[in-house]
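Reader: Could you take a close look at one part of this model for me, with the cut-offs behind each term spelled out?

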Amino acid sequence: MATTEIKKDIHWVGAVDWNIRDFHGYSVDKGTTYNAYLVLDEKVALFDTVKKELKSDLLHNIHSLIDPGKIDYLIVNHVEMDHSGSLPAIIDLVKPEKIFCSPAGRKALIEHFHRTDWPLVEVKTGDSISLGKRTVHFLETRMLHWPDSMMSYLPEDKLLISSDGFGQHWATSERFDDELEPGELMLNAAKYYANILLLFSPLVQKLLAKVKEMGLEFDMIAPDHGPIWRSNPARIVAAYEQWSSQQCRDKAVIIYDSMWQSTEKMAKAVYSGLLKEGVHARLMNMHNNHRSDVMTEILDARAIILGSPTLNNGILPKMADIITYMKGLKPKGRIGAAFGSYGWSGEAVKILTTALEEMNIEVVAESIRIKNVPDHEALKPCVEMGEKIGRLLKGKNAAAAGGDA
Ligand code: FEO
């Protein structure tokens, strides 16, 4: 049996997707899980389903516990297809008495599946239902990360079923945070936040404030992806508080691509200047790094430095890719600069600088263009760029910490 009882009479019955590697642009090289939860009470309730292709895994898991026909309620916390793709088949099989969803969820379900015969019941923040021994309270989380998103809170179990929130893409046989290596756990959670939720950070802050205001106590957070936070749910809540505040450290990410290593020489010179100032720096050549790993590094980096040579009066395609992706995810409160080599026309650096400005990244050092191959002397301004940004980072973080540097 592949199910796990996460609380008394509450079972994980989801599916592990060992094979997925791309989640609309986000590299999920460890696969993922689609978590669904079956609550066995006087009313039997299934919270969320799984993607269409893994429907039989979900059904197999439910069958191992009960006859699926005994399910009374379905709760649809989120309509995105990874959680609802198997919903039509499950509804046809189960014939549930009621399907609970948010008002936006109702619209989304109809727009996705075009079924008007489903017994949909809208619930809003503050609404609750009884399952018998336990109740379910609903908390709408609009735009976290879809308009329909909501979470379900079971106070008798101090359990928050958090939909996409607090999730991560990691296919494992283990179901709980304390069964996994802590560093990898938090890194995967950070990657998920950086690639899915960063742009919604102001809403995450509001949600965390609302949870505090409502006085919700939870000793378990069960997301729809990845491990369940059992050992210390406060740890992931604290991480979300930090990430959503866009607090960064004195760290710089140099994101670049290069044709014949001239721009790469410049990147390394900028990097050496940062190191001289004692700043943590990452060199990320877009030829070898995935955009979603770059975003993970950006999550706690105050400085974003871009480099590209000029190609066909523009920038290299992989730089255009990361800039488009980063713009959508809206990192805030960053500083940056741009550099690049060129052969004759040299537009790339201007394009990179404009991209930084469009992202409201404060350009704090003069852009640098170098014609053809730089020698040691020509690289000095790049070293100085790194030093200048390094000093600013140290100064900013010292100021934030109450220092006077
Ligand atoms: Fe995991 Fe927004 O779906």
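Author: What follows deals with one open sheet and begins with the basis of the values. This is a predicted model, in which local features need pLDDT of at least 70 and side-chain atom pairs count only at pLDDT 80 or more, while totals for chains, interfaces and linings use all residues. Residues are numbered from 1 along each chain as its sequence is written, and side-chain values use heavy atoms, with hydrogens and water left out.

The mean pLDDT (the predictor's confidence in each residue, from 0 to 100) is 96, and 97% of the residues reach 70 or more. Over residues 401-405, however, the pLDDT is below 50.

The sheet is built from 7 strands (DSSP runs of E, at least two residues, numbered from the N terminus) in the order β1-β2-β7-β8-β9-β10-β11, with mixed pairing, where two strands pair if DSSP finds at least two bridges between them. At its edges lie β1 (4-7) and β11 (120-122), each of which pairs on one side only. Neighbouring strands are turned by 25 degrees against each other on average, direction ignored, with axes taken as lines fitted to C-alpha atoms, for helices over the stretch in contact, and angles running from 0 to 180 degrees between N-to-C directions.

Within this sheet, β8 (residues 45-47) and β9 (residues 73-75) pair in the parallel sense over 3 bridges, and alanine 45 has tyrosine 73 in β9 as its bridge partner. Helix α4 (residues 103-113), a DSSP run of H or I of at least four residues, packs on the sheet and touches β10 (98-101) and β11, contact meaning heavy atoms within 4.5 Å. The direction of α4 makes about 150 degrees with that of β11.
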